[in-house]
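I opened this entry to record what I looked up in the model, element by element. My notes follow the order in which I checked things.

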Amino acid sequence: MSRHFLFLLGSSRPDGNTELLARLAAEQLPADVEQRWLSLAEHPLPDFVDLRRDGDHVHPAAGSNPALLLDATLAATDIVIASPLYWYSVSGLTKRYLDYWSGWLRTPGVDFRARMAGRTLWGVTALAHEEEEVADPLIGTLDHSAAYLAMRFGGVLLGNGSKPGDVLKDTAALARAKTFFAREAPLARYPYETHDTDDRRERRETQGVAAAPAATR
């Protein structure tokens, strides 16, 4: 299968440091790799309504932003969440998009879990701290989301920047951007999982049974 990268921009402003870093990394992709860029600010999603106790979600109406983002997500082999670090996690725009994954899991005819399995999730973020470990909650959000859907996780490209254009001064981040998407992304695993638990989880999912994430228990 040819690769198709979907870049989802989660910043509330255009041309921010996170987007600049993501575009620098994307420049290194081979010419035959398709890229699609969507701004979550320009395609806002309505408030997510959790219907799991009341029935299934319906397929989003054609032409709506939820339909656009669902179709773009399912068409991608690689999904890149480009979100600045907001209060030590992903932005509100990004979190709302991820909340919609919960609805798509329960939308008849979408088969979201099976179609996402094996695809790759990546992250790009700019943060004002020089201490990169403050981004651990954001990394965990993406890593665990990928693990829940049996996706691969390519990690998060981190850059330092607050004022517009600051990330272009982060020479270490610029160097990492040159090879970021060239890495082989491993299967995402929860921190408590081993290869044995991965095998058991794969068997459960093959049989159509999967443990729900903590938020839905």
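**Notes on helix H3 and the sheet**

I started from helix H3 and asked what covers its buried residues: the cover includes E1, H2, E3, helix H4 (112–116), E4 and helix H5 (136–148). I keep in mind throughout that this is a predicted model.

The buried residues of H3 that I listed are Thr94, Tyr97, Leu98, Tyr100, Trp101, Gly103 and Trp104. I then checked the length of helix H3 (residues 92–105): at 1.5 Å a residue its 14 residues should span 20 Å, and the end C-alpha atoms are 20 Å apart, so the two values agree.

Next I looked at how H2 meets H3, and found that their axes come within 11 Å and cross at roughly 80°. With 65 to 115 degrees counted as roughly perpendicular, H2 is therefore roughly perpendicular to H3. On the H2 side the contact is made by Pro66, Leu69, Leu70 and Thr73, and on the H3 side by Tyr97, Tyr100, Trp101 and Trp104. Sorting the residues of this contact by class, I noted seven nonpolar, one polar and no charged residues. Tyr97, Tyr100, Trp101 and Trp104, which I had listed as buried, thus appear again in the contact with H2.

I also followed helix H2 (residues 65–75) towards the strands, where it lies across E1, E2 and E3 and runs at about 150° to E2.

In what order do the strands of the sheet stand? I read the order as E2-E1-E3-E4-E5, with five strands forming an open sheet and the pairing parallel. Strand E2 (34–39) and strand E5 (152–160) stand at the edges, and because each has a single partner strand, one side of each is left without a neighbour in the sheet. From one strand to the next I noted a twist that averages 15°.

For one pair I went into detail: strand E3 (residues 78–82) and strand E4 (residues 120–127) pair in the parallel sense over five bridges, and Ala82 stands opposite Val124 in E4. Helix H1 (residues 17–26) packs on the sheet, where it touches strand E1 (4–9), E2, E3, E4 and E5, and its direction makes about 135° with that of E4.

Last, I looked up Glu19, which lies in helix H1. Is Glu19 buried or exposed? Its relative accessibility is 13%, and since buried means under 20%, Glu19 counts as buried. Leaving aside residues up to four places away in sequence, I found that Glu19 touches Leu9 and Pro14.

Conventions: Residues numbered from 1 in each chain as written. Predicted model: local features only at pLDDT ≥ 70, side-chain atom pairs only at ≥ 80, totals over all residues. Heavy atoms only, no water. Pairing = 2+ DSSP bridges. Helix = DSSP H or I, 4+ residues; strand = E, 2+ residues; numbered from the N terminus. Axes fitted to C-alpha atoms, helices over the stretch in contact; angles between N-to-C directions. Contact = heavy atoms within 4.5 Å. Expected span 1.5 Å × (residues − 1). Buried < 20%, exposed > 50% of the residue type's maximum accessible area, 1.4 Å probe, protein only. Parallel < 35°, antiparallel > 145°, perpendicular 65-115°, else oblique. Nonpolar A, V, L, I, M, F, W, Y, C, P; charged D, E, K, R; others polar.
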